[in-house]
Amino acid sequence: MTSSPPIEILLERSFPRTTNALLGEYATPAYQGYQLEAWVFDDKAERQATETAFMAAGIHARLRSAYKPLMHFFLEEFSWASLQSLVIEYPVLAQAPRRFLLEAYPLAALLPQGVSLHWEGIEVTTSSTPVRYRVWAERSSGSQETYLVEAPNRQHIDHVDEAQCSPCGWLRLTSPQGDVSESFVETDYEALFQASMAILSSTPWQAASPYFEELNFTVHLPSSDRRLAWDDEHISLAEALHEELYFSTLEYFQHRAGLALGDRSIQPGQIVPEVLTQGDEPYLKISLQPLDTSQPQRDLAELDSAQQAIGVIQIDQLLAALGGQALHSTTRAGRSVDARYLAGSDRAVIISAGQHANETSGVVGALRAAQTLSRHRDAHLVISPLENPDGYALQGRLIATQPRHMHHAARYTAFGNDLQSQPLGQPFEHAIREQAFAVSSAGLHVNLHGYPAHEWTRPLNGYVPRGFEMWTIPKGFFLILRHQPGWQAAAEQLVESVTQQLAKVPGLVKFNATQIALFETHAGTLTFPMLHGFPYLISEDADQLTPLMLITEYPDETLTGEPFVQAHTAQMATVVAAYHAFQTLSLDS
């Protein structure tokens, strides 16, 4: 067996905190009497402490958030008292018309009851001055107020040579005589990210992939998360930086290999940003490490009421209890991928979960469904509840320090690819699907997935996650049905039947309606068809193993407690409904 490589540190450094740098340069006698406005990537406590320090030096300062500036205006500067209505004019960029509406998410959900909100888009061209929101507020007394809320952005070419318009640090100085000067400020947050990308491009990677076992970004970011009074939403610079480091690194290697951005077959190795909200100044260490083969401990839970992701030991025990024929493959890190084949006289169905291992509700939902279906005398199914155990172990490792974050680094395998993009005939994760199809000849694969339960952003590269624009904010429980040629009619029958049954799950239609209404306020009209309160999409895929594949998309990433129970209940109900519907489909086409 090949020994693991030693740890190699590619970069280790701290970054002077932007707020300290501003104080060092401008909290001096030369600037007494000045007004200073700055937009930085920092939390409220640090910005307010810096304002106080400037005041002590005789300088009036206002430090605002460069991230989600309109939301922070309403959270920190605006009075909600006696508010009756709001009209908000937002910037419209030609390349991303609704981006600044997304940056304002979830404002519409935070308004006091009875307050009306109207949005008006104004086309802009970004230049050397910040783009702006304009807010008109009307009070119950009839008085009206107008505010300009600036949103500094910069035009730049990103790490894969694409043009971007991204939130940025900004400084405005007004002298006692009224002279104004403005300039871009590279904040510590931006500098840390740029240093990371520079290391990627300057490192002499080997010719063949995978290029490493684990590429680790250890980050200390002294900026606390801020929970919002709506659902699972919070504002987190740390989480946003995790997303930037992970996806930007994937994109760098895709671009380097001449692949399309978003190509899921790339195998650079496991990319692990560990962004901790701690320290006195931003710190970054980039290192190459051996694969982590440990197994995080998770609490034992009653399956039907599990409040969070369950452990691998429990998964193995539940699989064994189902009986049937054991199927097995192995991951890059040596972990086992296990499934069970229960032979019967029904039409066979494959049930899988955990392909993207930070989407954890499907694992529980798949096992609950398999337990339910296995009680039927004629049950015929393959249950593969955890297809990506390397990613699942990483998710467990990451939530130990940041339990409320999405952790998309746990999405793919330890090779760095999506298991669905693995070539056929290899012994790794995708092999479990090939075995499942070989033993069962299943006509339907129910593939349980999830997506973020709160907003997903990449603020240093255009704000909206590239390639995942459709998933940036929650929009309810969503179904995708892919079919081989000639199976369109069967796919339509299946979606009709499944959504009809899902509408009977208590609270699920209402849950969808609430999320879709907020989605449409900030992201535009949902363009997908609806059946019985559920958005769905049907498309043809000639390459998939089974004639039909039903994919669920529940906004589950980060959920715990009762919302997690609701998530895996919806997943279970989908599997059971799909299994029974498939038995009665007309398959003459």
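**Group meeting: sheets, salt bridges and rings**

Okay, let's start with a charge on a ring: Lys-475 lies over the face of Tyr-451, and the distance to the ring centre is 5.0 Å. Before I go on, keep in mind that this is a predicted model. There's a second case of that kind, with Arg-256 putting its charged end over the ring of Tyr-211, 5.2 Å from the centre.

Now, the sheet. We've got 9 strands in an open sheet, and going across you read S17-S18-S20-S19-S21-S25-S22-S24-S23, with mixed pairing. Which strands sit at the edges? Those are S17, residues 325-330, and S23, residues 530-531, each of them pairing on one side only. At the S17 end, the partner is S18, residues 336-342, and the two run antiparallel over 6 bridges. If you want one spot to click on, take Ser-329, whose bridge partner in S18 is Val-337.

Two helices to point out here. Helix H8, residues 312-322, lies across S18 and S20, at about 25 degrees to S18. Helix H13, residues 508-523, lies across S21, S23, S24 and S25, and the angle to S24 is about 85 degrees.

H13 also brings us to the rings. There are 29 aromatic pairs in the structure. Take Phe-100 and Tyr-133: the centres are 6.0 Å apart and the planes sit at 75 degrees, so we call that one edge-to-face. Phe-100 is in helix H4 and Tyr-133 in strand S6, so this pair ties together parts that are 33 residues apart in sequence. Buried or exposed, those two? Both Phe-100 and Tyr-133 are buried. Then back to H13, where Phe-511 pairs with Tyr-554, stacked this time, at 5.3 Å centre to centre with 5 degrees between the planes. Tyr-554 belongs to strand S25, 43 residues away from Phe-511, so here the pair links distant parts of the chain. Tyr-554 is buried too, at 2% relative accessible area. And there's a cluster, with ring pairs joining Phe-73, Phe-74, Phe-78, Trp-80 and Tyr-147.

Right, on to charges. Side chains of opposite charge can pair when their charged atoms come close. How many salt bridges are there? The count comes to 32.

I've picked three of them. Number one is Arg-62 with Glu-51, closest N and O atoms 3.7 Å apart. Arg-62 is in strand S3 and Glu-51 in helix H2, so the bridge ties together parts 11 residues apart in sequence. Arg-62 is partly exposed at 26%, while Glu-51 counts as buried at 16%.

Next up is Arg-134 with Glu-89, 3.9 Å from N to O. This one ties strand S6 to strand S4, with the two positions 45 residues apart in sequence. Arg-134 is partly exposed at 31% relative accessibility, and Glu-89 is buried at 19%.

And the last one is Glu-244 with Arg-458, 3.1 Å from N to O. Glu-244 is in helix H7, and Arg-458 is in the loop between S21 and S22, so the pair ties together parts that are 214 residues apart in sequence. As for burial, Glu-244 has a relative accessible area of 0% and Arg-458 has 1%, so Arg-458 counts as buried, and Glu-244 is buried as well.

One more thing on charges: Arg-62 and Glu-51 are also part of a salt-bridge network, along with Glu-37, Arg-64, Glu-77, Arg-132, Glu-150, Arg-172 and Glu-182. That's it from me.

Conventions
Residues are numbered from 1 along each chain as its sequence is written. This is a predicted model: local features need pLDDT of at least 70, side-chain atom pairs count only at pLDDT 80 or more; totals for chains, interfaces and linings use all residues. Side-chain values use heavy atoms; hydrogens and water are left out. Two strands pair if DSSP finds at least two bridges between them. Helices (H or I, at least four residues) and strands (E, at least two) are DSSP runs, numbered from the N terminus. Contact means heavy atoms within 4.5 Å. Axes are lines fitted to C-alpha atoms, for helices over the stretch in contact, and angles run from 0 to 180 degrees between N-to-C directions. A salt bridge is a side-chain nitrogen of Lys or Arg within 4 Å of a carboxyl oxygen of Asp or Glu. Buried means under 20% relative accessible area, exposed over 50%, partly exposed in between (1.4 Å probe, protein chains only). Rings of Phe, Tyr and Trp (its six-membered ring) pair if their centres lie within 6.5 Å; planes under 30 degrees apart count as stacked, over 60 as edge-to-face and the rest as tilted. A charge sits over a ring if NZ of Lys or CZ of Arg is within 6 Å of the ring centre and within 35 degrees of the ring normal.
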